[in-house]
Structures are given as structure tokens and as C-alpha cells.
Amino acid sequence: MPIKEACHVALQRSPPGKQRLWKHIMARHAAKGLGARPVVCIVSFGSDKVNRAPTFDMDISDFFDSSDEPITYEAAHKYFEHDASQKWAAYVAGTILVLMREIGVRFNDSMSILISSAVPEGKGVSSSAALEVATMSAIAAAYGLNISPRELAVLCQKVENHIVGTPCGVMDQMASACGEANKLLAMVCQQAEVQEHVNIPSHVQFWGIDSGIRHSVGGADYGSVRLGAFMGRRIIQAKASNILDRLQVSGTNGDADDADLHSLMQDAEEKYLCNIPPHRLEAHYTSSLPETMRGEEFTKVYGNHNDPFTKIIPSKSYTIQVPAAHPIYENFRVKSFAVLLTAAATDAQLEALGELMFQSHHSYSKCGLDSHGTNRLVALVRRMKQKAKPDTATLFGAKITGGGCGGTVCVIGRPGIESSSNIYEIQNSYKASTGHRPYVFEGSSMGAGKFKFLRVHRRSAST
């Protein structure tokens, strides 16, 4: 569900000779003997709050190699990596290169970009995705590019994966681009397809409570868990192939159930763990998934783990069984959650929805994607639920959001004064134990696809 807080990006096109350039840009061009050329100038409000530079500029020609072709993503990643205070600009300027490389756009005008974002950074609520989507939406509007919300989300994921260098999925970008206010976005990440927008029943409300612990999907924990899941997938593929080979050699192929044979053949080629149902994981594969395995041992036995965004370190030991099981059970929980939302409005419905969220949080924790702050908040919600008198509970479940390792906890409950009072009590309890008073996310807004854009024209002196 899109949160109420939003990111806005304003963009102005200018012919290279007419853009007002900052003094250091003019000095740079003069030193190189360069005439008027397209420049990108970025100003970001609120940079003082997160200790980064408030401005960034570059010549668009920096995105071209000696043969006048767009530079590689690897070269762009190195370009933004050289100055830590300017790395943030990769999320913004990186959208330009992705549009150049993926759909062949040539930018001959200069761009002035102004960023104003109310989406707090490092709290696990997709601030980077919001920035990428808002920037690319502004560029598309200014240059008349017809890009669907879904396609825009996929392009923005490329910015994050290839230029920023974060191994994230596409969910955050899809929510920012395709989300609708006060609705849950049901989607399949495999091909980044929206299935439907799910209405939130009037007797259900969601809150987000910030733990105060900075979240980052670029962190080592997230990457290691992702890598362990990919290693688990490769082991499952190998196990399914071994079972099929054994059945054929022993001649018992005909005795096997046709549906099971078909499933094994699918598993041997399966690209996505979540397509494997929990019962098949338990029946065939759990016992074959090691709890941990060293990188060199995995590579020797199974070869490549086939994830372009993570790299196996031979000397490192990776957890495999838990990360591989997580997407399988999580997918089942998500589907169950969607079905339960359409059930009768009863305490049993809310209890079941809350339990699924608690289960999801526990699964994140087993993967090592939890934190002491998010665990404390989930425990406070559970305690609030337990101490309520029969049939008077207002909060029913909670789970960590995003990639974990800090960030925000999502809470489900009934709307109303008593629920708000309970959330306020949790805020106070958390502050008393940690010293941090958590920010509460409440409310929703539309995604970029629904918001579209505003075009501002400067009035002439005569009008």
C-alpha cells in the first residue's frame, strides 16, 4: 500500500546555451575549452538531515563513451562511486542513462531537476524507489515519452540494480509507480505484472511504526540472504533432477503419480522458488538443503547460482535452508492474506490476518533480517493484543517491512480511537526503552501512474 508521504520531482528543459549554469560548471567548461553543451543540475531539499551534498551536476556527455555510445552500467556505477557524498545522485541521474540504453532516448537539452521528498530515508518505506520513479516520470513527461507505469517500474529497478548496485527486487518500484491510494497492490514479481488492486475492508487499518534503525537493502545481510535463497534454488533443481533420474534408472517411473512427475520436471527447471508449494518443499527438498554451506563447496558441487546481482565468496559460509524456504512459505502467506481480506468481517478474520503477519516477521527473523528495534515493536504489538480483554483487541499483528535489518514495522488492526490510543502507547513504551520516539506512518496516497504530472508554464510579462 502506498504511504501518504510522497516524493515530488520538478524538471525544466533548457537549450544548452540558455540554461543558467552554476559558476563552477562555467569554469569547468572554460578550462576544457568547451562551448554550450547539455548539463544536468540537481538540487535536493532536506539533504542537511541525511548528511549528503545538496547539489549535483554533470555534463550529459559524461554518459557517452569515445564512440559516442552510452557508457556501460558498470562504468556508470564507478562514476557515481568515486565520491561518497554524491552517490545519492545515481538514483536520479541514473534514470537518464537507463532511458538512453534501454529505449534509445537522446537528450540534447539541459535539465534542471529539483527534488522534494517527504518519504523518510532508511526507514524501509521505499524512499529510493519513490525517488527513481518520480524522476523518471518527470523526465518522461518533459520529453513526451510514452512509458507505462509497469514499464517505468522495471526501468527504475535497472537504475537500482545496475547503477546504484543494490540487489533489490522490483516490488518497491511497482508500488511507487502502479499503486493506488488505500489499496493493496497484488503483483507477481517474476515478470513484474500487476494482478489486481485489492480493496482494504473498512474494518481494517494499517499503520507503520519506525524503529529508528536505518534500513538498507544494499547491506551485507540482505545480499547474503538473497544469495542463500538462490543457492537453495539451485540445490532444489539438482535434487529434482536426481529424483527423476533415479526413477528412470530403477524403472519405477510408471509407478509414480503423473502429477508428481510433472511437478518434479517443473522443479528441475524452476526459476522462482515461490512457485514451489510448501508441501512439495517438505516432501522432497527440505532434507537436501544444508543449513549452511561454504561458497567454494557450493561452486564445486553445483557450479553457478545464477543470480547476476550477487557474487559468491569462496571462503564465506552461507545460510541456505532458511532463506530458500522463506519465499516458498511467504508466497503461501501472501495468497492466504489476500483471500482472507475478502472473508466475513469477524474477529477470526482479523486474528488470522494478524497471525500471518506474525509468521512473516518470524520468518524474516530466522533469515537474519530482523533487528532488535523491529523485534521490540512486534513484541509490543503482541503484548498489546494479549492483554486485551476477550473480543476487545484492536491490534492483531505486525511484521517488519521491506528488506528487513531495521526500518519500519507494519501493524494491522481495527480503525478507531482505541487503536490510535494503543499505537500511541506503543510509541511511548518504545521511547522509554530505546530513547527513540518512533514516527508513525498513517494514511495513503496514489502512485505515480495515477498522479500523472503537472505541467507549469511561465506567464509572460504581458499577462
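**Group meeting: a walk through the model**

Let's start at A118, which sits in the loop between β4 (110-117) and α4 (127-142). Before I go on, keep in mind that this is a predicted model. Is A118 buried, exposed or in between? A118 is partly exposed, because its relative accessibility comes out at 48%. If you skip its neighbours within four places in sequence, the contacts of A118 are E5 and A6. And here's a pair to click on: E102 is 16 residues from A118 in sequence, yet their C-alpha atoms are 29 Å apart in space.

Okay, on to the sheet. What is the strand order? Going across, you read β1-β4-β2-β3, in an open sheet of four strands with mixed pairing. The edges are β1 (7-14) and β3 (55-59); each has a single partner strand, so one side of each has no neighbour in the sheet. On average, neighbouring strands here are turned by 15 degrees against each other, if you ignore direction. As a reminder, strands in a sheet pair through backbone hydrogen bonds, parallel or antiparallel. For β1 and β4 the pairing is antiparallel, with eight bridges joining them. If you want a spot to find that pairing on screen, look for C7, which stands opposite S117 in β4.

Then there's a helix on the sheet: α1 (residues 23-32) packs on it and touches β2 (39-44) and β3. The direction of α1 makes about 25 degrees with that of β3.

Now the inside. Nonpolar side chains in soluble globular proteins tend to be buried together. Which residues touch the most other members of the largest nonpolar core? That core has 58 residues, and the ones to look at are I42, F63, F80, F107 and I115. Helix α3 (residues 90-103) gives the largest share of this core, nine residues. Let me zoom in on F80 for a second. Leaving out residues up to four places away in sequence, F80 touches a whole list, including F56, M58, F63, A90, A93 and I163. Polar or charged names turn up as well: Q86 and K87 are among the residues F80 touches. There's also a second, separate core of 27 residues, and M231, L273, Y318 and I328 are among its members.

Cysteines next. How many disulfides does the structure hold? Zero. Take C156: the closest cysteine sulfur is in C178, 10 Å away, so that's too far for a bond. C156 counts as buried because its relative accessibility is 0%. For C168 the closest cysteine sulfur is in C156, again at 10 Å and too far for a bond. C168 is buried too, with a relative accessible area of 8%.

A quick backbone detour. Most residues other than glycine have a negative phi. N182 has a positive phi of about 60 degrees, and it's not a glycine. You'll find N182 in the loop between α6 (171-178) and β5 (183-188). N306 also has a positive phi, near 60 degrees. That one is in the loop between α10 (295-302) and β9 (317-319). N306 counts as partly exposed because its relative accessibility is 44%.

Last stop, the annotation. The unreviewed UniProt entry places "domain: GHMP kinase C-terminal" at residues 349-418. Over residues 349-418 the chain is 53% helix and 17% strand. The end C-alpha atoms of that stretch are 19 Å apart.

Methods
Residues numbered from 1 in each chain as written. Predicted model: local features only at pLDDT ≥ 70, side-chain atom pairs only at ≥ 80, totals over all residues. Heavy atoms only, no water. UniProt positions renumbered as here; feature names shortened; annotations may be inferred. Helix = DSSP H or I, 4+ residues; strand = E, 2+ residues; numbered from the N terminus. Buried < 20%, exposed > 50% of the residue type's maximum accessible area, 1.4 Å probe, protein only. Contact = heavy atoms within 4.5 Å. Pairing = 2+ DSSP bridges. Axes fitted to C-alpha atoms, helices over the stretch in contact; angles between N-to-C directions. Core = buried A, V, L, I, M, F, W, Y, C linked by side-chain atoms within 4.5 Å. Disulfide = S-S within 2.5 Å.
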